[in-house]
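Visitor: I would like a close look at a single part of this structure. Please pick one helix, and then show me what lies around it.

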Amino acid sequence: MKPSPWPDHIDDLLAKSQQHGGETLAAHTWDVLCRLADLYRLRPSLLPDRQWHCLYWAAFLHDFGKAAHGFQRRLKGGPPWPHRHEVLSLGFVDAIAHDFSEEEQRWLVAAIVSHHRDAAEIAELYPPGLRKDPLIELCNDLPEQTAQGLLTWLDTCANPWRDQLGIGQVVAAITPQPCRVNPERVRHWLGEYQRWVDQLASSHTAKTDRLPGILLRGLITTADHLASAHLHSMPAPIRCSWESLFTGKKVYPHQQDSAKQSGRTTFLMAPTGSGKTEAALAWALGDGTQAAARIFYVLPYQASMNAMYDRLRHLFGDQAVGLQHGRAAQALYARFRDGEEWSASIARRIQWEKNLNLLHARPLKVLSPYQLLKALFQLRGFEAMLTDYTQAAFIFDEIHAYEPERLALITGLMRYLRQYLNARFLVMSATFPSLIIDRLTHALGKPAMVQATPDIFARFRRHKLHLRDGELIDPETIQEIANRVQAGQQVLVCANTVARAQMLRDLLAQAALKEEQLILLHSRFTYGDRNRIEQTIRNRCAHGSGQRAPLALVATQVVEVSLDIDLDTIYTDPAPLEALLQRFGRVNRRGTKGIAPVYVFRQPTDGQGVYGRHCDPNQAGHIVRVTLDELKHHDGEVIDEAAVQEWLDRIYADPQLHQQWREAFERMQQQVDLIINGLCPFKSDDQREEEFDKMFDGVDVVPQCFERVYIDLLMNEHFIEANDYLVSISKQRFAILRSQGKLQPAESGGQRHIWIAQTPYDSRNGLSFGDIVSDPDWS
């Protein structure tokens with residue numbers, strides 16, 4: 001709905017091209033102001049009132065430069081325009097500058113000129129001291145009559161609009177003064193902006209002094225992008241009491257205690273399957289009177305993120321929950337398409353979901369820590385990310401799953417968000433080694449500690465440990481697993497590498513298990529097949545499922561975290577204790593089956609290239625051997641979940657393990673401190689994008705059998721469906737295949753550089769490489 005008054009006299013000026021709807025400049029500006037008002041109502045205490053005042057007037061002026069003749073001609077299909085509209089918008093600052101202090105003028109100018117490009121890019125386009133100043137050509141491209149029409153709009157509409165938006169209490173009225181757009185004044189304001197940028201970049205500038213720039217740019221870019229995506233209103237924060245989650249359900253003491261700690265950073269330790277997710281949500285929601293502006297639920301693996309997304313959507317609805325990870329579009333596509341015939345509208349809905357996630361609109365978001373870390377690495381848009389993280393509630397599930405280097409990155413970001421952006425955290429796990437608690441405590445101050453009561457730990461004594469000689473692939477073990485399935489059980493078989501998991505599935509098939517009795521899950525399936533497999537597992541293996549037919553679920557460690565499944569027993573390769581306990585947590589999850597046996601094999605002890613990797617083969621897998629040494633003291637015992645902390649502390653007390661872990665963590669922590677000290681607004685860091693990419697081991701390829709269908713989908717612009725045929729492999733495996741001549745570029749990938757893997761693929765086993773001994777892919 002249009003506000004009143006409306007500037008009919010400039011309705012011929014466009015802000016968006018005809019291709020993108022031909023939106024007028026006035027309509028887009030109104031939408032930006034609406035979204036800015038939404039952002040104010042979401043976090044009114046985020047900025048002092050005068051900074052909100054600056055942001056409103058900056059948002060009103062930010063696109064005035066689009067009225068330039070060349071820009072309007074470009075929007076209507078004309079030739080490219082070589083200038084920046086936001087720089088031309090600075091020509092109108094003199095109309096309102098009298099109402100701002102010198103510091104506020106810097107805020108105003110910075111918000112206008114930085115809403116698209118970094119300071120360095122603007123400086124490169126409009127350097128001072130040139131004989132022919134490009135600002136002369138820029139300002140001459142704005143007709144005087146058009147400029148006067150914009151000033152009339154500013155004079156007649158800006159004050160009434162602020163009242164209609166309900167933000168008059170923080171945005172003061174201004175009586176604009178006459179001004180002329182000229183290159184000297186634009187140069188003056190560019191100089192003021194650059195001086196502030198240089199001041200902020202000084203090593204002597206405190207982090208707190210950089211926050212206004214981060215938040216100002218973050219808010220105006222978010223408002224602008226939300227308006228461009230035609231989001232008509234921001235979804236409201238989730239305002240329900242934690243007690244509503246437990247209607248008709250038993251409430252455990254650690255869940256009540258978590259709710260009582262809402263508002264402060266907290267550690268939660270409880271057995272797998274004892275309702276940690278509900279406890280975490282109880283912490284985030286509290287009594288519903290102080291709703292968190294944003295809730296972020298952080299998980300390490302895509303399978304667990306997809307499952308948690310479904311679970312939270314069921315609780316809070318589609319509009320409240322977002323999903324953000326590297327393959328979120330595929331996960332969303334699988335869900336929206338379920339039961340429906342494919343149509344372009346579904347593809348548009350997925351793109352819309354992706355936009356909303358990237359534009360910080362959903363009040364509850366499920367994501368990986370690596371999405372959060374983009375802000376730490378100062379990638380483009382980091383100011384908007386940090387703004388969205390301000391005053392937010394973060395739930396970190398299964399914190400033990402990260403290697404020390406990754407944990408150092410995560411705790412460094414946590415420390416910054418807590419100290420400077422008033423974020424709070426709940427960190428939970430079934431297992432908290434003391435050395436991890438120490439590092440988290442350092443990052444998070446003095447968190448509250450919530451633990452399950454002794455009787456809960458006693459109730460969740462549900463597994464009896466059996467150490468077995470030999471290997472998981474031994475013939476007698478394969479037959480034993482097959483016998484259990486044929487006797488009516490659901491058996492989890494957990495391998496450390498993909499090749500080993502594929503071998504186990506084939507061996508079990510040879511042991512007379514039928515096709516419907518075998519499910520294989522690992523990372524080397526296409527994204528489409530993997531979504532299908534994950535859904536099948538949830539349908540057949542969930543607690544209380546009506547489809548609980550006997551089966552063997554063969555999986556790698558992708559099964560470890562947050563998959564709410566409940567099998568009868570497990571046979572597993574040796575692994576570190578934290579990983580083993582997570583695997584056990586998928587067995588007898590609710591403790592309703594009495595005491596379930598869990599079988600851990602003593603061989604191989606070299607870590608299989610997954611755990612305890614080391615250039616010296618004699619030292620590789622040391623953590624596995626130390627774990628087995630601890631487990632031998634408990635062979636044949638029912639596992640006491642309350643005693644696991646002591647087991648872990650004894651394992652990490654091993655001198656070699658302790659030293660390796662500490663050195664890896666501290667080495668990365670030093671780098672994180674340097675990164676945080678360098679966080680500065682108005683300048684993203686393209687070089688760090690390469691550093692960020694190195695954190696990810698995956699490379700997407702297309703199996704040769706899908707090359708034709710993949711290319712056809714791309715050529716017909718069915719990009720989301722095309723992505724269903726991608727498989728992720730490790731960078732090491734990619735290099736091996738390329739050296740073997742088994743990777744070829746796709747015939748036609750548009751702007752995408754996609755490789756075709758000339759290796760076998762089938763929907764039962766996934767992508768196969770034909771080797772077993774050396775397998776760089778383990779997830």
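Guide: What follows starts at one helix and works outward through the core, the loops and the open spaces. Keep in mind that this is a predicted model.

Start with helix H26, which covers residues 644-652. Which of its residues are buried? They are Val-644, Gln-645, Trp-647, Leu-648, Ile-651 and Tyr-652. Look down the axis of H26: these buried residues fall within an arc of 160°, so they line one face of the helix. There is a general rule to recall here. An α-helix has 3.6 residues a turn, so residues three or four places apart point the same way.

What do the buried residues of H26 pack against? One partner is a strand, E1 (266-269). The others are helices: H19 (434-444), H24 (577-584), H25 (622-631) and H27 (655-677).

Two of those partners lead us on to Val-427. Val-427 touches Thr-266, Phe-267 and Leu-268, and residues 266-269 form strand E1. Val-427 also touches Leu-440 and Leu-444, and residues 434-444 form helix H19. Its other contacts are Phe-396, Ile-399, Met-414 and Phe-432. That list leaves out residues up to four places away in sequence.

Val-427 belongs to the largest nonpolar core, which has 139 residues. Val-427 is among those with the most contacts inside this core, together with Leu-386, Phe-394, Phe-396, Ile-399 and Leu-417. Helix H18 (residues 404-421) gives the largest share of the core, 9 residues. Apart from this core lies another, of 94 residues. Among its members are Leu-46, Cys-54, Leu-90 and Leu-150. A general tendency is worth knowing too. In soluble globular proteins, nonpolar side chains tend to be buried together.

Now look at the loops on either side of H18. Glu-398 sits in the loop between strand E5 (393-397) and H18. Asn-422 sits in the loop between H18 and strand E6 (424-429). Glu-398 has a positive phi of about 55°, although it is not a glycine. Asn-422 also has a positive phi of about 55°, and it is not a glycine either. Are they buried or exposed? Glu-398 has 3% relative accessibility, so it counts as buried. Asn-422 has 56% relative accessibility, so it counts as exposed.

Go back to H25, one of the partners of H26. The loop between strand E13 (596-601) and H25 holds Pro-604. A cis peptide bond joins Gln-603 and Pro-604, with omega at about -5°. Another cis peptide bond joins Ser-4 and Pro-5, and there omega is about 0°. Pro-5 lies in the segment before helix H1 (25-42).

Next, the empty spaces. How many cavities of 30 Å³ or more does a search of the whole structure find? It finds 4. The largest cavity has a volume of about 70 Å³. Its lining has 10 residues, and Gln-302, Asn-306, Arg-327, Tyr-527 and Asn-531 lie nearest its centre. Helices H13 (302-316), H14 (328-337) and H23 (527-541) each supply at least two residues of this lining. H23 gives the most, with 4 residues. By class, the lining has 2 nonpolar, 5 polar and 3 charged residues.

H13 and H23 also help to line the second largest pocket, as does helix H12 (276-285). This pocket has a volume of about 1,000 Å³. It is lined by 35 residues, and the closest to its centre are Lys-249, Glu-278, Arg-311, Asp-564 and Arg-590. Here H13 gives the most, with 7 residues. The lining divides into 11 nonpolar, 10 polar and 14 charged residues.

Finish with another helix, H22 (residues 498-510). Gln-502 lies in H22. At 8% relative accessibility, Gln-502 counts as buried. Gln-502 touches Leu-520, His-522 and Arg-524. It also touches Asn-765, Gly-766, Leu-767 and Ser-768. Ala-509 is in H22 as well. At 32% relative accessibility, Ala-509 counts as partly exposed. The C-alpha atoms of Ala-509 and Gly-275 are separated by 36 Å, and the two residues are 234 residues apart along the chain.

Key: Residues are numbered from 1 along each chain as its sequence is written. This is a predicted model: local features need pLDDT of at least 70, side-chain atom pairs count only at pLDDT 80 or more; totals for chains, interfaces and linings use all residues. Side-chain values use heavy atoms; hydrogens and water are left out. Buried means under 20% relative accessible area, exposed over 50%, partly exposed in between (1.4 Å probe, protein chains only). The arc is that of the directions from the helix axis to the C-beta atoms. Contact means heavy atoms within 4.5 Å. On a 1 Å grid over the protein atoms alone, a cavity is a set of points where a 1.4 Å probe fits but cannot get out, and a pocket is an open set with protein on both sides within 12 Å along at least five of seven lines; lining residues have an atom within 4 Å of a point. Grid points are joined across faces, edges and corners, and a volume is the space filled by probe spheres set on the points. Ala, Val, Leu, Ile, Met, Phe, Trp, Tyr, Cys and Pro count as nonpolar, Asp, Glu, Lys and Arg as charged, and the others, Gly among them, as polar. A nonpolar core is a set of buried Ala, Val, Leu, Ile, Met, Phe, Trp, Tyr and Cys residues joined through side-chain atoms within 4.5 Å.
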